[in-house]
Amino acid sequence: MANRLEGKVALVTGGTSGIGAGAVRRLSAEGAQVVFTGSNEAAAAALVTETGAAFRHHRVQEAASWAGLMADIAATHGRLDIAFANAGVEAGDGSVEDITVEGWNNVLSVNQTGVMLTVQHAIRAMKANPDGPTGSIIVNSSMNAHRAMGNFMAYSVTKAAVVALAKSAAVHCGNKGYRIRVNAILPGVVETALITNLIETGPDPKAARAAYEGMSPLKRMGRVDEIAGLVAYLASDEAAFISGSEYVIDGATTAGMMGV
Amino acid sequence: MSDVSAQRLKGRVAFVSGGLRGIGLAVAERYLAEGAEVVLSDLDAEDSAPARDTMARLGQAASYLRADVTSEDDWLRARDLVKDRHGALHILVNNAGTDLTGPVETLALDAWRKIMAINVDGVFLGTKTFVPMMDDSGKAFRGGSSIINISSIMGLVGYSEVSAYNASKGAVRLFTKGIAVEFAQKKMAIRANSIHPGFVLTPLLNAGFQRWVDKGFAEKSSDLVETMAATTPIGRLADPSEIAGAAYFLASEDSSYMTGSEVVVDGGWTAQ
């Protein structure tokens with residue numbers, strides 16, 4: 001089962017860091033040709049050198065920008081097999097009492113509208129595959145879809161919304177007879193640069209790290225490559241009967257009562 | 001970076017209950033293909049034709065014992081065999097199960113107790129028996145040992161005239177979460193997850209369909225296969241190998257952060 005993804009073409013949004021970058025590495029390692037998007041040019045260049053993947057500067061929430069990106073993938077690769085709708089933000093988020101409309105709109109535009117556009121354009125591209133409508137779309141939700149955070153309201157709301165989005169798209173593809181699968185993954189706390197930065201720039205890094213690690217009964221955060229392993233499985237033909245599912249990958253954080 | 005080469009279960013020992021047919025057999029075949037050594041159990045006698053034929057085909061890395069999952073003595077024998085032959089256990093697939101259909105008001109108490117014994121007691125006893133050995137064996141790996149309990153989509157949603165099966169598979173779902181949290185909190189090297197297959201073309205499904213045909217609900221069982229396919233968004237039933245793919249993922253290091261999770265493999269059936 002080596003090189004499960006040989007001959008497949010993958011799109012990863014928000015691929016310059018964190019889970020997205022992990023997915024770029026893993027999908028490339030399993031033989032896929034990967035196109036990833038984002039806005040951090042320096043990080044992207046390093047990842048291109050490391051993996052041989054291609055980078056496109058692109059913002060998922062800008063509807064008008066999608067035609068060009070997909071035309072580019074079609075012209076270069078002639079197909080699309082895998083789409084990982086990963087790009088997400090929390091900038092501008094807050095509690096329901098404090099959030100501004102601008103902050104709310106910012107989070108929704110990327111986490112919800114951006115994911116919708118990714119799934120929509122991926123299905124359209126996959127429909128045009130030379131061997132018929134085939135492919136696997138993976139939406140990066142979060143365990144916060146099931147356990148909302150009080151101080152990150154919009155993030156929690158969007159992560160719940162995209163689970164329903166994935167299920168709706170999965171049922172639609174089934175109804176249409178497309179062999180295009182759509183699933184959501186719901187990671188727990190993953191040790192990305194974003195989380196590490198939050199820990200290290202806070203008033204008490206040691207306590208912050210302990211708090212993040214303590215959320216899972218495993219008493220550690222997930223690692224980026226552990227999430228990428230699940231993405232690769234769902235992307236592969238091994239998962240051919242899996243569609244409309246939501247896979248929690250959180251070290252049992254939401255299997256019980258947190259910390260009890 | 002995880003090892004993405006083939007034979008990712010080399011050096012691992014797996015036990016699969018209900019291993020002679022259907023999903024259990026497909027899981028055993030997949031684990032063997034990935035380099036694991038596999039012990040299978042089922043109800044067939046050790047010198048029966050199904051056991052002998054299957055074991056001859058599976059080869060030297062596989063072994064078989066007759067064991068009833070509802071018998072604690074049989075599980076202790078299984079543990080002794082695994083210990084003597086392999087000295088370790090890394091993967092336990094509690095797969096053996098049976099179904100039971102009928103209106104709740106006419107279900108016999110004995111039949112209810114039998115399905116609970118096989119589908120729930122069997123999972124509990126298998127887990128209980130092998131936990132100490134699996135904790136020891138799992139310490140050598142980041143992801144530890146892996147317990148994989150085969151539940152069902154019927155453990156997630158209710159279905160008419162399947163209430164006893166619903167109850168048994170729902171119990172498996174939450175038993176799995178309970179042990180996942182328990183093992184993690186105690187820093188034991190064992191993960192536990194449940195798989196929830198949708199409609200899979202297995203001997204168990206065929207037997208169930210035949211009973212419906214006998215009751216006059218359908219003319220032939222292939223009509224029922226078509227009906228089930230039509231209610232599944234993907235438009236077909238699963239092959240047992242597709243459930244084995246999930247059982248492989250959960251056994252491998254790729255799932256090292258997954259514990260207490262539900263792996264639904266149902267072609268979109270419960271997404272509707």
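Colleague: Why would you call β6(A) largely enclosed by the rest of the structure?
Modeller: Because eight of the nine residues of β6(A) are buried. Keep in mind that this is a predicted model.

Colleague: Which strand is joined to β6(A) by seven bridges?
Modeller: That is β5(A), and the two strands run parallel. Within this pairing, Val139(A) stands opposite Ala184(A) of β6(A).

Colleague: And how many bridges go from β6(A) to β7(A)?
Modeller: Four, again with the strands running parallel. Ile185(A) has Tyr247(A) of β7(A) opposite it.

Colleague: What links up with β5(A) and β6(A) to make a β-α-β unit?
Modeller: Helix α5 of chain A, residues 153–176. The unit is right-handed.

Colleague: Let's zoom out. What is the strand order in the open sheet of chain A?
Modeller: It reads β3-β2-β1-β4-β5-β6-β7, seven strands with parallel pairing. At the edges are β3 (54–57) and β7 (246–249) of chain A, each of which pairs on one side only. On average, neighbouring strands of the sheet are turned by 20° against each other, ignoring direction.

Colleague: Which helices sit on it?
Modeller: One is α1 of chain A, residues 18–29, which packs on the sheet and touches β1, β2, β4, β5 and β6 of chain A. Its direction makes about 165° with that of β2(A). Another is α4 of chain A, residues 101–127, lying across β1, β4, β5 and β6 of chain A. The angle between α4(A) and β5(A) is about 170°.

Colleague: Back to β4(A). Which residues are on its two faces, and are they buried or exposed?
Modeller: Ile82(A) and Phe84(A) are on one side, Ala83(A) and Ala85(A) on the other, and all four are buried. Both faces of β4(A) are therefore covered, if you take buried as 20 or more other C-beta atoms within 10 Å.

Colleague: How many bridges tie β4(A) to β1(A)?
Modeller: Three, between β1 (residues 9–12) and β4 (residues 82–85) of chain A, and the strands run parallel. Val12(A) has Phe84(A) as its bridge partner, and Leu11(A) stands opposite Ala83(A).

Colleague: What about β4(A) to β5(A), how many bridges there?
Modeller: Four bridges, with the strands parallel. The bridge partner of Ile82(A) in β5(A) is Ser136(A). With α4(A) added, β4(A) and β5(A) make a right-handed β-α-β unit.

Colleague: New topic. Where are the domain bounds in chain A?
Modeller: Domain 1 covers 9–187 + 224–248, and domain 2 covers 191–221. Taken over C-alpha atoms, the centres of these two domains of chain A are separated by 25 Å.

Colleague: And in chain B, which residues go to which domain?
Modeller: The assignment puts 13–200 + 239–267 in domain 1 and 201–237 in domain 2. In chain B the C-alpha centres of the two domains lie 24 Å apart.

Colleague: How many residues are in contact between those two domains of chain B?
Modeller: Domain 1 of chain B puts in 11 residues and domain 2 of chain B puts in 12. On the domain 1 side, the residues touching domain 2 are four nonpolar, four polar and three charged.

Colleague: Now the chain contact. How many residues does each chain give?
Modeller: Chain B gives 32 residues and chain A gives 34. On the chain B side, α5 (163–185), α8 (240–251) and β7 (262–265) each supply at least two residues. The largest share there is from α5(B), with five residues. By class, the chain B side has 16 nonpolar, 13 polar and three charged residues.

Colleague: Last one. Is Asp84(B) buried or exposed, and why?
Modeller: Asp84(B) is exposed, because 8 other C-beta atoms lie within 10 Å, and the cut-off for exposed is 12 or fewer. Asp84(B) is placed in helix α3 of chain B, residues 72–85.

Colleague: How far is Asp84(B) from Thr176(B)?
Modeller: Their C-alpha atoms are separated by 28 Å, and the two residues are 92 residues apart along the chain.

Definitions and conventions: Residues numbered from 1 in each chain as written. Chains lettered and ligands numbered in written order. Predicted model: local features only at pLDDT ≥ 70, side-chain atom pairs only at ≥ 80, totals over all residues. Pairing = 2+ DSSP bridges. Axes fitted to C-alpha atoms, helices over the stretch in contact; angles between N-to-C directions. Contact = placed C-beta atoms within 7 Å. Right-handed = clockwise from strand over helix to strand, strands pointing away. Domains from an automatic or database assignment. Nonpolar A, V, L, I, M, F, W, Y, C, P; charged D, E, K, R; others polar.
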